[in-house]
Amino acid sequence: MNSAVKNTLLFAVVGLMILYTGFAQSWNTALLILNMGLISAIMALGVNLQWGFAGLFNVGIMGFVALGGLAAVLTGMPPTPGAWSAGGWNILAAFVFALLTVVAVVMVRGRMRAGWARSVVIILMMIAGFFIYRALFDPGVEAVEAINPALTGFLGGLGIERGIWVALAWPVGGLFAAAAAWVIGKTALGLRSDYLAIATLGIAEIIIAVLKNEDWLARGVKNVVGLPRPAPFEIDLQNDPGFVESAAGYGMDPVTASTLYVKLAYAGLFTVVLVILLVMAQRALHSPWGRMMRAIRDNEVAAEAMGKDVTARHLQIFVLGSAVCGIAGAMMTTLDGQLTPGTYQPLRFTFLVWVMVIVGGSGNNFGAVLGGFLIWFLWVQVEPMGLWLMELITSGMADGSPLKAHLIESAAHMRLFTMGVVLLLVLRFSPRGLIPER
Amino acid sequence: MSDKPYDDRGNKDLSLGNARGMGTAHPVRQGGRSRPSPGGPFLIGENMTGGYGAGPDILHDCTIAVDRGEIAVIVGPNGAGKSTGMKAVFGMLNLRKGHVKLDGEDITDLSPQARVARGMGFVPQTSNIFTSMTVEENLEMGAFIRTDDIRPTMEQIYDLFPILREKRNQAAGELSGGQRQQVAVGRALMTRPKVLMLDEPTAGVSPIVMDELFDRIIEVARTGIPILMVEQNARQALEIADKGYVLVQGRNAYTGTGKELLADPDVRKSFLGG
Amino acid sequence: MIVVDDIHKHFGGFHAVDGASLEIRQGTITGLIGPNGAGKTTLFNVIAGVHEPTSGRVMMDGEDITGLPPHALFHKGLLRTFQIAHEFSSMTCRENLMMVPGKQSGETLWNTWFGRKRIADEERALRAKADEVLEFLTVGHLADHKAGQISGGQKKLLELGRTMMVDAKIVFLDEVGAGVNRTLLNTIGDAIIRLNQERGYTFVVIEHDMDFIGRLCDPVICMAEGKVLAQGTLDEIKANEQVIEAYLGTGLKNKDKVGA
Amino acid sequence: DGHAKEVKLGILIGFTGPIESLTGPMAAGAELAMTEVTESGKLLDAATVTPMRADTGCIDNGLSTSNAERLIADGINGLIGGDCSGVTGAILQNVAIPNGMVMISPSATSPGLSTVEDNDLFFRTAPSDAREGQVMAEILQERGVESIALTYTNNDYGKGLADAIESNFKAVGGEVTIVAAHEDGKADYSAEMGALASAGGDLLVVAGYLDQGGLGIINAALDTGAFDTFGLPGGMIGDSLPTNVGSALNGSYGQIAGSGGEGIEKLKEMAGDAFDATSPYTPESYDAAALFMLAMQAADSTDPAEYGKHILDVANAPGEKIYPGELAKALDIIREGGDVDYVGASAVELIGPGESAGTYRMIEVQDEKNVTIGFK
Amino acid sequence: MDFLNAFIALSNFVLVPAIAYGSQLALGALGVTLIYGILRFSNFAHGDTMAFGAMVTVLFTWLFQSWGISLGPLPTALLALPLGIAGCMLLLLATDRVVYRFYRAQKAKPVILVIVSLGVTFIMNGIVRFIIGPDDQRFLDGERFIVSARTFKEMTGLEEGLAIKTTQGITLITAVIVVALLFWFLNRTRTGKSMRAYSDNEDLALLSGINPERVVMITWLIVAALATIAGVLYGLDKSFKPFTYFQLLLPIFASAIVGGLGNPIGAIAGGFVIAFSEVTVTYAWKKVLGYLMPESLEPDGLVQLLSTDYKLAVSFLILLIVLLFKPTGLFRGKAV
Ligand SMILES: Nc1ncnc2c1ncn2[C@@H]1O[C@H](COP(=O)(O)OP(=O)(O)OP(=O)(O)O)[C@@H](O)[C@H]1O
Ligand SMILES: Nc1ncnc2c1ncn2[C@@H]1O[C@H](COP(=O)(O)OP(=O)(O)OP(=O)(O)O)[C@@H](O)[C@H]1O
Ligand SMILES: [Mg+2]
Ligand SMILES: [Mg+2]
């Protein structure tokens, strides 16, 4: 079978699976799977840029996704009244001061001759800087967090909450992630040996720790709910006589029609983003740039000798891939309508995305996209399948037998198990993924 | 790298893994048996055809042999498959065709460990010592399959290479090139091999040490151990060789006694630099 | 053109290069010889920015280039080939050559999205040039073969070909001849001479083949144990006692054969 | 379609993830109520009530909403869930409200949820933490506690509760020496304990979960001798804590939402060995399921739009008080046009936006048992 | 000024817990580092391996407890430990047989094995929860304290108490014994040396007659023992809950890397570095300073550098700083 035919077939199969969900369960479920599948595909695309094209192993996807989520809050939420005047400027001043301290330290380091005198000066500067920073920062934070802590207690955002403008959060999420990735890459890729994996693993945890504990930023674990969204609210549609009428025209009740309409709107927006990113990735890949990346992947030493700045290229692709994850993260948060830092778990946001990339086919953009859809579908649908399986297995057992109860209860744990099995099977029998790199 | 399914895509991340010291051999699987096959030279790799893993064939119908009391030398351009041939004789890669026979037994299906137990010793061309272990531990590892007392052999080796006695507790990786080479040969001798295979033992060794090494090799040969050796210092090597093979692209190009090859104008012109 | 000033390079306790100083004059083809392990490749690597020297300086045209990364040196016109061929194995031979020139507009992401016309033009020119180089090296028929699947000698040619894709000032060749058949080596020699004369490339050549060295190189530098042992014309070098002792050799003590 | 033969109630809680150890009994509790009603044959026209379980992962918004959609597609008539406040918000916003589905959460206690625009679709049988903070501060003050160290599990529940306790306790003149978060499921709490011990205080208030970090913190405190008395909010009240900690916990006290021992005792009896009825939020789960069914009976309909309005009616006075095991009686009363005031296992009293008013049971650990010493 | 009380307070809240935690991390990191050194990849499944070994031990402990077998003041789990180790060994050997061996034969690059181990993590995760469930399980019995804070105070009359738990004592003693055994094994025995040789140079090991499959098998066996011991000690000292073992992965890896991946001494040192940095950097010095300073200078605040929320961040920053200055970790790891 020709590979193009095979690939089309694979996509068709996943499409059919989603369609089947539509017929067998509900179109809402199917569309939701589609939407999350689109987001997953974008995440997988970002990771594929890093791993597939440059062999960079990013185990901190969760962190970048979370930063995207933060962007959604900071652009979408209205500014908290009085927060800036209460302490926001203090916080900002603290950061500016911290930055100045760092600059000053760097300058001193450059100007003074090495020796204990320099070390002492630098250490003194850093200690003093830290205390002044805390002196500026702490009261600011306290003041901001004191403003109606149960409901706000944070600075709020830019308040971009009208219609499609909300989607502005997505590129901003990309920017946030890119900035973080730049810092991480600069450090980890700059180390004499490459320690990117552990660095990303750690930084992701730190990002989540900051999101959880810095309440002034995005309410910490108290969560931000009611984020604005680019699609209309179902309720508004249901109350809109025009909509109800046209829904009736299609023979649908307003509730179903509105939920489907909103999900379709999201699906449309997400598809546009995915297609844009996919086209950009494909174009980049099939260009001298892609050739250069392949050369670097093949042989770093030779590429370096041929005038290619390997570290800079690695940094570039790491930043780009992370930015794509950030975009996906922002999209996901707008879809959820809330930022809940506690929900960011490595298993779900880092390792699952890895499974998507590997299963789909690393090094192939379409493979990553396919993996995104397929694995998300399984992630959601394995549970009912597992339950069904367990019921089948236990059907012969007496009701109320502890084993039966145990088995049925364990169905939920089948999900991770299944993901593991899928990953291992693919690695074994189709090691380069379902749609391998050409 | 779409040819290799389990490739690392250029990943060099040290927090994930470390490929240094990783095996490259696709050795003959354990559990094979030898069959009697009397006659022929003491050690012979006959009509060997094969390559690394699923890759292309490197050896094409190549034959190399050494008999008791002989030094056989293999020469040829870089990449000709000399080292590959040696590895094939040692069972470090799966042959698609051909046989390896040792002392009247067909050992083609034996794993490398089993061949060591049968009395074959091998010093590979590169990374031929355990760099993180001391000199003494390197020698001990050479005697890994032995169950008898290894002290006397070790003393013999120290007598042969006195510098090693001095450095016995030093990590082998800290030695100079020539000393490493001595450790490598010593390690192979620790098995008390019945036949010794050396892959470019003098590479990266100063001429003085090289001469020394050659002398030692001749000494070893005099104790009755046949030696099969690859050498880039072709002229010197062929001078001491009883038998010479010239390999080109995995094939036997010329075969003869050392003298004959040295005298052959074609060989001189193409491989010995005129 | 290149001045190497008392370079030391230590790996752990091992002194691979141990105080080498030498000068390479513009327009010459300098030969670098020495026994295995003398530190030739290591010295190359230090000059080419692969290794940071333990101490010492490298100057190029009066400018200190010590510790500059290889890619920066490339853009200054300093190229090198590898003793063990470093081809890009999953790319075709043509791609191997086409990726060489620096500052391709197609290597900027922005252009890959929005400047596709310009890239296409550049690519056409590059492609023609790459094919020309491949023809010159007698491997035109391999243009579409994966570089990982060609023979060792051909890989060496590809290495040389890469230096021909750009206008280099100085090219370091590490054992181009090893594993290359003699007739081809002569062709390579001719090519080197032509590049040297027509394009003004300066060459530094590591080679163990004295005939090749003799045909190409004017000054010959001999290294041993990390130091420069001697410098001069090949004949001078060949006559040098120390060089004979360390490199060219005097032969064996044990001349008698074993079995006989 | 009020007279369907089958009523389906979704149980959408985190069977996997951080609170996976709590959700088993919770689901069992809810299912117990359903079995009770099914067996009674008194709901509507002898409808059978079928539970449908689905997972939220506690912290996985995507999964939760997907599963909620799936449940809705499967035709549930009401949704018990979610569990953790974060996903509960997500399900509410993205699935329940758009689909007009009524949702009763047995365990989401974040004050933030009180103010969410919910179109009267969201209820909870667990009280908001804001109220508990007030109760706890009063208890502490009555006992003459002057200073407390406070640690909370780092999620919306813990944080909200800690905020409430801190502000209320300060308001009554107490001192809070330190407020430190702890992460659940972490390897080691020595660092937290070091900080808490250094800050000191009359007692340590642990706003966490009894089988999660909370237990780890208490063990660490006892092991190092840093504190010997603990203030235990609802998340820390359960039989397993005194059992696990042992006699050292004697004398510690706290409170948990719930009125009187009667409801919970009955539930315990009914549960028997099948599950641990005192496990956190298990009574609330039973009650959530019960409320659904009573409201359906009251509305004579299984349509959320219809019965949703009746939830507050059946939950609150006036009417006859209903305890666990009395659902059949309640259904009868309603059918006959009477009024019920569902008390259930957790003393349900829905106030304001449809959340539990929060009568609290004051607990003290005596002889390695939780003993109810009064109500507030 | 009261040095004694200050020191006791510091010991009680910093030294003793950090030493116990450090030992647990060190044992975990030893397993990780052995796999890294000999099998050449970072095993993401190590946390779940620990969980599995501990789970088997827990099950047997319960069995013994139900039979009324006990070790007096010591936890019964110690009796069940060998069985747990055996169970874990079976699991790892089976995993190697079914999963890893194939990739070894293919000469798969280490990073592929990392991905494979991710799949294994998922599967083990499922198995453990399937068997024992996700809950917290208690299996500790016996005497709780060697010295409790109260007895210490009564004994010494000091204001501060010092508590040492039985499990802490056991942890330290076991860790010391295990580490000593491991070092003796690796450096003195023939098999141990053959493992080091294999780690150094696989091909040459083959040429020396070392059977690679045997080395791999022994490695897994040792790793199973280390993982189970670490898992059980951790479970005894804190509690057994499958989810936390997955969470342990980051500190364990941080320990192994700080110390120098592939280097057993490094793993131990790394474990303590991470444990101490977590506990000390976020420690509130108020109490200790209170004893040391004259009354007038006693601090009002907590004198806490960073809130405990960031303890993980701190250990992580230390990791980065170490790598910046010592790219191979504190003790020379495998890296170049
Ligand atoms: N581990 C390996 N896997 C795949 N191919 C290999 C491997 N080792 C060597 N080769 C290939 O096999 C061919 C022969 O290599 P071999 O090392 O046998 O040459 P040689 O004659 O020993 O050369 P030299 O004189 O440089 O040592 C070369 O083309 C080389 O690229
Ligand atoms: N990265 C390294 N680490 C440790 N030692 C090294 C390293 N690179 C080279 N060496 C050692 O430095 C010495 C000089 O090596 P180099 O490759 O420069 O020799 P050479 O003169 O090029 O020899 P040849 O003629 O064989 O190519 C050798 O002994 C080699 O083992
Ligand atoms: Mg060779
Ligand atoms: Mg060289």
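In the predicted model, strand 4 (residues 71-75) and strand 9 (residues 227-230) of chain B run parallel and are joined by four bridges, and within this pairing B:Val73 stands opposite B:Met229 of strand 9. Both strands belong to an open sheet of six strands in chain B, arranged in the order 7-8-9-4-10-11 with mixed pairing. Strand 7 (120-123) and strand 11 (251-256) of chain B occupy the edges of the sheet, and because each has a single partner strand, one side of each is left without a neighbour in the sheet. When direction is ignored, neighbouring strands of this sheet are turned against each other by 15° on average.

Two helices of chain B can be described in relation to this sheet. Helix 1 (residues 82-89) of chain B lies across strand 4, strand 7, strand 8 (195-199), strand 9 and strand 10 (243-248), and runs at about 150° to strand 8 of chain B. Helix 6 (residues 177-189) of chain B also packs on the sheet, where it touches strand 7 and strand 8, its direction making about 170° with that of strand 7 of chain B. Elsewhere in chain B, B:Asp103, which is found in the loop between strand 5 (95-102) and strand 6 (105-106), has a phi near 50°, a positive value in a residue other than glycine.

Seven pairs of chains touch in the model, and the most contacts among them are between chains B and E. At this interface, 41 residues of chain B are in contact with 40 residues of chain E, and the two chains bury about 3,800 Å² between them, with 59% of that area on carbon and sulfur atoms. On the side of chain B, the residues that lose the most area to chain E are B:Tyr6, B:Leu16 and B:Phe144, which together account for 20% of what that side buries.

Polar and charged interactions also cross the interface of chain B and chain E, where 22 residue pairs in polar contact are found, both residues of each pair being at pLDDT 80 or more. Two salt bridges are counted between these chains; B:Glu137 forms a salt bridge with E:Arg196, with the closest N and O atoms 3.0 Å apart. Helix 2 (112-117) and helix 3 (135-142) of chain B each supply at least two residues of the side that touches chain E, and the residues of that side divide into 20 nonpolar, 14 polar and seven charged. By contrast, no contact joins chain B and chain D, whose closest C-alpha atoms lie 22 Å apart, and chain C and chain E likewise do not touch, their nearest C-alpha atoms being 11 Å apart.

Chain C contains an open sheet of four strands in the order 2-1-4-5, with antiparallel pairing. Strand 2 (14-24) and strand 5 (63-64) of chain C stand at its edges, and each has a single partner strand, so one side of each is left without a neighbour in the sheet. Strand 5 is joined by two bridges to strand 4 (residues 55-60) of chain C, the two running antiparallel, and the bridge partner of C:Met60 in strand 5 is C:Glu63. Helix 1 (residues 40-47) of chain C lies across strand 1 (2-11), strand 2 and strand 4 of chain C, and runs at about 115° to strand 1.

In chain D, a cis peptide bond with an omega of about -15° joins D:Gly81 and D:Gly82, and D:Gly82 lies in the loop between strand 3 (78-81) and helix 3 (85-99) of chain D.

How values were computed:
Residues are numbered from 1 along each chain as its sequence is written. Chains are lettered from A and ligands numbered from 1 in the order in which they are written. This is a predicted model: local features need pLDDT of at least 70, side-chain atom pairs count only at pLDDT 80 or more; totals for chains, interfaces and linings use all residues. Side-chain values use heavy atoms; hydrogens and water are left out. Contact means heavy atoms within 4.5 Å. Buried area is the accessible area (1.4 Å probe) that two parts lose on being put together, summed over both. A salt bridge is a side-chain nitrogen of Lys or Arg within 4 Å of a carboxyl oxygen of Asp or Glu. A polar contact is a pair of N or O atoms within 3.5 Å; within protein, one must be able to donate a hydrogen and the other to accept it, and residues adjacent in sequence count only if both atoms are side-chain atoms. Ala, Val, Leu, Ile, Met, Phe, Trp, Tyr, Cys and Pro count as nonpolar, Asp, Glu, Lys and Arg as charged, and the others, Gly among them, as polar. Two strands pair if DSSP finds at least two bridges between them. Axes are lines fitted to C-alpha atoms, for helices over the stretch in contact, and angles run from 0 to 180 degrees between N-to-C directions.
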